[in-house]
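Reader: I would like to go through this model by asking, for each term you apply to it, what entitles you to use that term. Please set the values against the criteria as you go.

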Amino acid sequence: MALVEIRDVRKTFGKTEVLKGVSLDVEEGEIVTIIGRSGSGKSTLLRCINALESVDSGEIRVEGQQVHAKMPDLKKFRQRVGIAFQAFNLFPHLKVERNITLAPLLTGRIDKSKARALAEDVLTRVGLADKIDAWPEQLSGGQQQRVAIARCLAMAPHLMLFDEVTSALDPELVGEVLKVMEAMAKQGMTMILVTHEMGFARNVANRIVFMHQGRVWEQGPPAKLFANPETPELASFIASAK
Amino acid sequence: MRSFTLIDFVSLFSALRWTVALVVLALTFGAPVALGLAMGRISRFKGLRWAMAALIQTIQSVPLLGLLFFFYFGMPVFLGIQVPAIIAVTVAYTLYTAAFLGEIWRGGLEAVKQAQWEAGACLGLSAWQQFRHIVAPQALRLSLPPTVGFLVQLIKGTSLASILGFVELARAGQVVSAATFQPLLTYALVAAIYFALCLPLTLWSRSLEARLDGSR
């Protein structure tokens, strides 16, 4: 059984059908990169996987459990699925440590005596141990995104979703975030990411999924997909992304 | 006619008790209702949002004087219930406070980006935890200046309770002025006391704003 099973998912916003029957499996430990033009439905698909959006038809299963906004243990489910956003979404009124420990403490994952150590541990993994007492706005965009990733790691997720996490960053800050993600990939984290970073998609991902007009248009290992795209849509997308 | 003496001074200050008491009553009962109204206004239930908005609109469009009259003089006429003055002022000031603070806080809550709720939800927090730990603290900081602004209004608004017989600061000023024939001195003193009451609030709000902001 795949960790994530997506079966014929459809989703409409107003009159626009954003997802037109998407099916996709992601195995445990796999790193899947979803690429495609804006409006192709890739971010929506990602948001459906942790029930930020509900699907109109079809189904999504994560660890065998069907995912939807009204599922009985939605909170428990979301503790197992981390998501990092384009806009970081750190809590600006809390210091870095509290940003990280808030959810583990409130959900009873850890008790107060272990909070500081947990924050130190996950910050070390993203290379920001020295920023534990900083305020979010004192950090650069790249650092904020790494804290946001650390905040997810503190929940020990089984699956990580990344929604264009480098798109809001200055070019010179992209590398540090990608490095953190690469390290997570090496440690065996299952990751699904929507990205415009073709280099990362090519070098780190096990599989590329090209979405076009609300469908999975083409998918396969990066080497094959980038070298021999089967569809003209992917070929032109690769050409334009260079 | 007699001259302005220490007695007059004392009577002004003792009248201050009612001013403070009215503010405390208004906040004690009004603030929780305001919070309820604010939360109702941002609820995902359309009917509730609607009802709260209508309630707030209605109360806000009645002058405070009108509210006081209604609950003290109106209730016996319309419902045949004689309401004690203290109950009438408490209800009137509670509604007044709730409507205005509720709207101020609603604005604060809505000013916090939706993505903040979402970020909390994605970490497995309940809606209440998202509100309590993520959105409300940020909204509080945003709403602080208008909240204190309203508080200052409220302090001065307590003078209207004098029409129901409460001898608070403004009413005591009238009495002293009539007894001493020194309106200028008396009302200058009354104004100074109001000022002394409101200025620290404004200063406190400013320091609190800086403290809640933390990072700056």
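Reader: What makes β3 and β8 of chain A a pair, and in which sense do they run?

Author: In this predicted model, strand β3 (residues 31-35) of chain A and strand β8 (residues 190-194) of chain A are joined by four bridges in the parallel sense. Pairing requires at least two bridges, so the four found here satisfy the criterion. One position in this pairing is A:Ile31, which stands opposite A:Met191 in β8(A).

Reader: Which sheet do these strands belong to, and what makes two of its strands edge strands?

Author: The sheet is open and has six strands of chain A, in the order β6-β7-β8-β3-β9-β10, with mixed pairing. β6 (81-84) and β10 (215-220) of chain A each have a single partner strand, so one side of each is left without a neighbour in the sheet, and they stand at the edges. From one strand to the next, the twist averages 20°.

Reader: Which helix packs on this sheet, and which strands does that helix touch?

Author: Helix α1 (residues 42-49) of chain A packs on the sheet and touches β3, β7 (159-163), β8 and β9 (207-212) of chain A, while the direction of α1 makes about 145° with that of β8(A).

Reader: How do you know that β4 and β5 of chain A are paired, and where does β5 stand in its sheet?

Author: Strand β4 (residues 57-62) of chain A is joined to β5(A) by two bridges, and the strands run antiparallel. Because at least two bridges are needed for a pair, the two bridges here meet the cut-off. Within this pairing, A:Val62 has A:Gln65 in β5(A) as its bridge partner. The sheet concerned is an open one of four strands of chain A, ordered β2-β1-β4-β5, with antiparallel pairing. β5 (65-66) stands at one edge and β2 (16-26) at the other, each with a single partner strand, so one side of each has no neighbour in the sheet.

Reader: Why are α3 and α5 of chain A called roughly parallel?

Author: The axes of α3(A) and helix α5 (residues 141-153) of chain A come within 8 Å and cross at roughly 30°. Angles under 35 degrees count as roughly parallel, and the two helices are therefore described in that way. The crossing in which α3(A) passes α5(A) is right-handed.

Reader: Which residues meet between these helices, and how do they divide by class?

Author: From α3(A), A:Val96, A:Asn99 and A:Ile100 meet A:Val147, A:Ala150 and A:Arg151 of α5(A). By class, this contact has four nonpolar, one polar and one charged residues.

Reader: What makes up the side of chain A that touches chain B?

Author: There, 21 residues of chain A are in contact with 18 residues of chain B. Two elements of chain A, α2 (74-80) and α3 (96-106), give two or more residues to that side, and α2(A) gives the most, with four residues. The residues on this side of chain A comprise eleven nonpolar, six polar and four charged.

Reader: How much helix is there in residues 15-38 and in residues 150-172 of chain B, and what does UniProt call these spans?

Author: An unreviewed UniProt entry places the feature "transmembrane region" at several spans of chain B, including residues 15-38 and 150-172. Residues 15-38 of chain B are 100% helix and 0% strand, with end C-alpha atoms 33 Å apart. Residues 150-172 of chain B are 52% helix and 0% strand, and their end C-alpha atoms lie 23 Å apart.

Technical notes:
Residues are numbered from 1 along each chain as its sequence is written. Chains are lettered from A and ligands numbered from 1 in the order in which they are written. This is a predicted model: local features need pLDDT of at least 70, side-chain atom pairs count only at pLDDT 80 or more; totals for chains, interfaces and linings use all residues. Two residues are in contact if their C-beta atoms, placed from the backbone, lie within 7 Å. Ala, Val, Leu, Ile, Met, Phe, Trp, Tyr, Cys and Pro count as nonpolar, Asp, Glu, Lys and Arg as charged, and the others, Gly among them, as polar. Axes are lines fitted to C-alpha atoms, for helices over the stretch in contact, and angles run from 0 to 180 degrees between N-to-C directions. Angles under 35 degrees count as roughly parallel, over 145 as roughly antiparallel, 65 to 115 as roughly perpendicular and the rest as oblique. A crossing is left-handed if the near helix is turned anticlockwise from the far one by less than a right angle, and right-handed if clockwise. UniProt positions are given in the numbering used here, feature names are shortened, and annotations may be inferred rather than shown by experiment.
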